[in-house]
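I sat down with this one to see what can be read off it. These are my notes, in the order I looked things up.

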Amino acid sequence: MTMTLAALLAVASRGRADEPRVIDITAKRFEFSPATITLKKGEAVKLRVTSEDVTHGLFSRAFKIDTDLDPGQTREFTVTAEKAGTFLAICHHFCGAQHANMKLTIVVE
């Protein structure tokens, strides 16, 4: 059985459509970058978080995330926003004098 190029592309694109969108987030003294991310209600999204310098934490009650990130370590979380609103994630591992300012805003539309 032979498939046309159009048929092959259709099959390939269907496989990618099922995969969640990936958002890369970097934790470094004393910020998350980007500082704000936007999600769509009901959309599955993979958050890929990397610590650039020291041990950081990431805590979000709304998205049930509670983890530590060692320097150079990356953690992945697949989340689905259940309701619209603005939510906060924080670094919950003391990382220095400006630790209290280390916040990630999650906007769900």
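The entries below go from confidence to the overall fold, then to single strands, loops and side chains.

**Entry 1: how far to trust it**

I'm working from a predicted model, so I looked up confidence before anything else. The protein chain averages a pLDDT of 86, and 84% of the residues score at least 70. Where is confidence lowest, and where is it highest? The low end is helix α1 (residues 5-17), with a mean of 48, and the high end is strand β3 (residues 36-39), at 97. Over residues 1-15 the pLDDT stays under 50. For that stretch the model has 2 contacts beyond four places in sequence. I'm leaving the start of the chain aside for the rest of these notes.

**Entry 2: the whole chain**

I listed the elements next and got 1 helix and 9 strands. Read along the sequence, the helix comes ahead of the strands, as α-β-β-β-β-β-β-β-β-β. I then checked burial: 28% of the 109 residues count as buried. The accessible surface is about 6800 Å², and carbon and sulfur atoms own 52% of that. For contacts with a separation of 6 or more, 62% are between residues 24 or more positions apart.

**Entry 3: the four-stranded sheet**

I traced one sheet strand by strand. It is open, has 4 strands in the order β2-β1-β4-β7, and its pairing is mixed. Which strands stand at the edges? They are β2 and β7 (74-80); each has a single partner strand, so one side of each is left without a neighbour in the sheet. Neighbouring strands here are turned by 25° against each other on average, direction ignored.

Inside the sheet I zoomed in on β1 and strand β4 (residues 44-51). They pair in the parallel sense over 7 bridges. For a handle on the register, I noted that Arg-21 stands opposite Val-45 in β4.

**Entry 4: the β5 and β6 hairpin**

My next stop was β5 and β6, which pair in the antiparallel sense over 5 bridges. Here the register marker I wrote down is Leu-58, which stands opposite Thr-67 in β6. The hairpin has 4 residues between the strands.

I also sorted the faces of β6. Ile-65, Thr-67 and Leu-69 make up the covered face, while Asp-66 and Asp-68 are on the uncovered one.

Is Thr-67 buried or exposed? With a relative accessibility of 10%, under the 20% cut-off, Thr-67 counts as buried. I pulled its contact list too, skipping residues up to four places away in sequence. Thr-67 touches His-56, Gly-57 and Leu-58, and also Arg-75, Phe-77 and His-92.

**Entry 5: a positive phi in the turn**

I scanned the backbone for odd torsions, and Lys-64 turned up. Its phi is positive, about 55°, although Lys-64 is not a glycine. Where does Lys-64 sit? Its place is in the loop between β5 and β6, the hairpin of the previous entry. I checked its exposure as well: 78% relative accessibility, so Lys-64 counts as exposed.

**Entry 6: cis peptide bonds**

I went through omega next and wrote down two bonds. The one from Ser-33 to Pro-34 is cis, with omega near 0°. Pro-34 lies in the loop between β2 and β3.

The other does not lead into a proline: the peptide bond from Arg-29 to Phe-30 is cis as well, with omega near -10°. Phe-30 lies in the loop between β1 (21-28) and β2 (31-33). I've marked Arg-29 to Phe-30 for another look.

**Entry 7: the aromatic pair**

How many aromatic pairs does the model hold? My count came to 1. Phe-63 and Phe-87 form it, edge-to-face, at 5.7 Å centre to centre and with 85° between the planes. The pair links distant parts of the chain, 24 residues apart. Phe-63 is in the loop between β5 (56-60) and β6 (65-69), and Phe-87 is in strand β8 (residues 85-90).

I finished by checking both rings' residues for burial. Phe-63 has a relative accessible area of 11%, so Phe-63 is buried. Phe-87 counts as buried too, at 16% relative accessibility. So the loop that holds exposed Lys-64 also holds buried Phe-63.

Conventions:
Residues are numbered from 1 along each chain as its sequence is written. This is a predicted model: local features need pLDDT of at least 70, side-chain atom pairs count only at pLDDT 80 or more; totals for chains, interfaces and linings use all residues. Side-chain values use heavy atoms; hydrogens and water are left out. pLDDT is the predictor's confidence in each residue, from 0 to 100. Helices (H or I, at least four residues) and strands (E, at least two) are DSSP runs, numbered from the N terminus. Contact means heavy atoms within 4.5 Å. Rings of Phe, Tyr and Trp (its six-membered ring) pair if their centres lie within 6.5 Å; planes under 30 degrees apart count as stacked, over 60 as edge-to-face and the rest as tilted. Buried means under 20% relative accessible area, exposed over 50%, partly exposed in between (1.4 Å probe, protein chains only). Accessible areas come from the Shrake-Rupley method with a 1.4 Å probe; for residues, only the protein chains shown count as cover. Two strands pair if DSSP finds at least two bridges between them. Axes are lines fitted to C-alpha atoms, for helices over the stretch in contact, and angles run from 0 to 180 degrees between N-to-C directions.
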